[in-house]
Amino acid sequence: PDNQTDHMGSYSWLWWINGVDREGRRHWPDVPTDVFGCFGHGGIRAMVVFPSLDLIVSWNDTSIEGRDRENEALRMVLGAVVEPERKADTAGSFFLCGPGDPEGFLYRGTLNPDGTRSGDQMQLIEKLAPTGANCIYLIAVRSHGGDGDVSQNPFLDHDPTKGVNPRVLDQWEQWFAAMDREGIVAYLFLYDDDALVWNTADEVGGPEREFIKTLVARFKHHKHLVWCVAEEYAEKLSAERVRRIAAAIRAEDENRHPIAVHKNHGLDFSEFADDPSIDQFAIQYNVETAGELHAGVVQANREAKGRYSINLSEAADWGAGAESRKKCWACAMGGASVMVLGMDIASTASSDLRDCGNVVRFFQRVPLQGLEPHDELACGATTFVLAEPGARYVAYSWAPDGRIGLRRMPAGRYSFEWFDCVEGAFVSQRSVSVASGDGSWPRPAGIGGEVAVCITRVGD
C-alpha cells in the first residue's frame with residue numbers, strides 16, 4: 001500500500017515490489033526482480049529486502065531524490081551483498097585492499113596456438129584466497145603501445161580487425177569465476193598506459209564499441225568486478241574519449257559495476273568529478289611515506305565530496321613488511337581503498353598478503369557510510385581518525401604503546417571493537433562509559449602495539 005505511516009512517526013512511505021508500484025508503474029528498472037522495499041517521502045529512512053538472500057538492509061538519512069539517487073541506493077545495498085562471508089550480525093561494508101599487480105596477469109605463461117595461456121594464474125588465485133587480500137589489478141589490452149608484447153590482447157590472431165577471440169574470454173571466465181568465489185575483485189583495465197588500438201580521437205567507433213560490448217556482456221555477471229577505462233589515460237586518450245568509453249560500459253552493464261579511471265601522478269579528478277558514468281578515481285600518488293600517502297588521500301577524499309569513491313591504486317616504492325602494512329592502513333584511514341603496486345602475488349610474502357587481508361577484515365566489520373577523515377580528533381597515541389562525530393569513530397595507532405585517545409567525545413556508553421593489525425585478533429568491549437570531552441583508553445590484553453579500534457555510541 002502507498003502512503004502508509006511509519007510506526008516510528010508521521011513519515012509516509014512509498015512501497016514498491018520488483019521496482020513496480022501497486023498501479024503497475026515501474027519506477028526503478030535497475031532493481032533486481034526478487035526484491036521489495038520502501039522509502040520515506042521525508043527522506044529519513046529506507047529499507048530493501050532481498051527474499052532469496054534472506055537479507056534486509058536499511059539505512060537512515062537517505063535523502064533519495066530521483067532515479068540517480070535510487071540507483072546509488074541500490075549500489076549501497078548491493079555492496080552489502082557482495083561480501084560472501086558476511087555474518088548476520090555484521091553491519092559493515094565491502095572494502096578492497098590487496099595486490100596492485102601483476103598487470104600482466106591475463107598473459108602470464110606460454111602462449112598456446114588458440115590464443116590461450118599455459119600459466120600460473122590459478123596458482124596465484126589459490127595463494128591469494130586464504131589471506132583475505134581481495135583484488136588483482138589486471139589489464140585486457142597491453143599491446144598497441146602498452147607495456148606488453150604484440151600478443152597481449154584478446155583478439156583473434158592478436159588482430160583487432162578480426163574481433164575478440166572467444167577461447168581467450170572462456171579462459172578469463174575460468175579465472176574470474178574462481179576469483180568471484182573467493183571474494184577477489186577483478187580490477188579490470190580495458191587499456192594499458194600508452195595503448196591505443198583505435199585512433200579515433202574523441203569518438204568511440206564501431207569496432208571499439210563492439211569490443212566493449214563483448215567484454216561487458218561476458219563478465220558483467222560477476223559480483224566482484226570493477227571496470228577501469230585505462231591506466232594513465234591521458235597518455236593516449238582524451239578526457240572526452242574516456243567519458244564516452246565509460247558511458248558505453250554503463251549502457252551495457254545493467255548490474256552497474258563501478259567504473260573507474262586511472263591517471264598519472266596527482267590528486268585532481270575534476271574532469272570526471274560529475275560524470276554520471278564514472279564512479280571511482282584510481283589514484284597514482286608517488287610519495288615516499290605513509291604519512292604523505294594519508295595526507296594525499298584525505299585531500300582527494302575531501303575534493304570528491306561524495307561524488308565518487310577513491311582507490312589508491314598505484315604508489316611507487318611501496319616497500320614490504322611493516323612499511324607496507326602501515327601504508328595500507330594510512331590510506332584506508334584517509335578514506336581510500338588500497339591496491340599495492342609491485343605486489344605481484346607470486347613473489348609476495350604471504351605475510352604481506354595477510355596484512356592486506358587484515359585491513360579488509362577490520363573494515364568489513366565497520367559501517368563505513370558517514371565516516372570521514374577527522375585527524376583533528378586524535379590525541380594520546382592515536383595516529384589517524386575516521387569519524388561520524390558523536391556516533392562512530394575509528395582510531396588507528398602505529399605507536400608501540402600508549403593509550404588510544406579521542407577529542408571532544410560526547411558522554412555516553414560506547415562499544416569498542418579492538419583489532420590487532422599485525423596478528424589479526426579482535427577484542428570486543430560491549431558497553432564502556434565515556435565522559436564528555438577528551439578521553440583515552442588502554443589497549444586490552446591480547447592487542448599489540450599497532451592497533452585499530454571502532455568505537456560506536458550505543459546509549460546515553
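Two strands pair if DSSP finds at least two bridges between them, and strands (E, at least two residues) and helices (H or I, at least four) are DSSP runs, numbered from the N terminus. The model is predicted, so to speak on paper: local features need pLDDT of at least 70, side-chain atom pairs count only at pLDDT 80 or more, and totals for chains, interfaces and linings use all residues. Residues are numbered from 1 along each chain as its sequence is written, and side-chain values use heavy atoms, with hydrogens and water left out.

**View A. A three-stranded open sheet.** Here 3 strands line up in the order 17-20-23, with antiparallel pairing. Strand 17 (378–380) and strand 23 (437–441) sit at the edges with a single partner strand each, so one side of each has no neighbour in the sheet. From one strand to the next, the twist averages 35°.

**View B. Zooming in on strands 17 and 20.** Strand 17 and strand 20 (residues 404–409) run antiparallel and are joined by 3 bridges. Look for Gly-380, which stands opposite Ile-404 in strand 20.

**View C. Helix 7 against helix 8.** The axes (lines fitted to C-alpha atoms, for helices over the stretch in contact, with angles from 0 to 180 degrees between N-to-C directions) of helix 7 (residues 321–332) and helix 8 (residues 350–363) come within 9 Å and cross at roughly 25°. That's why these two helices count as roughly parallel (angles under 35 degrees). In contact terms (heavy atoms within 4.5 Å), Trp-329 is one of the helix 7 residues that meet a helix 8 group including Phe-362.

Terms used. Parallel < 35°, antiparallel > 145°, perpendicular 65-115°, else oblique.
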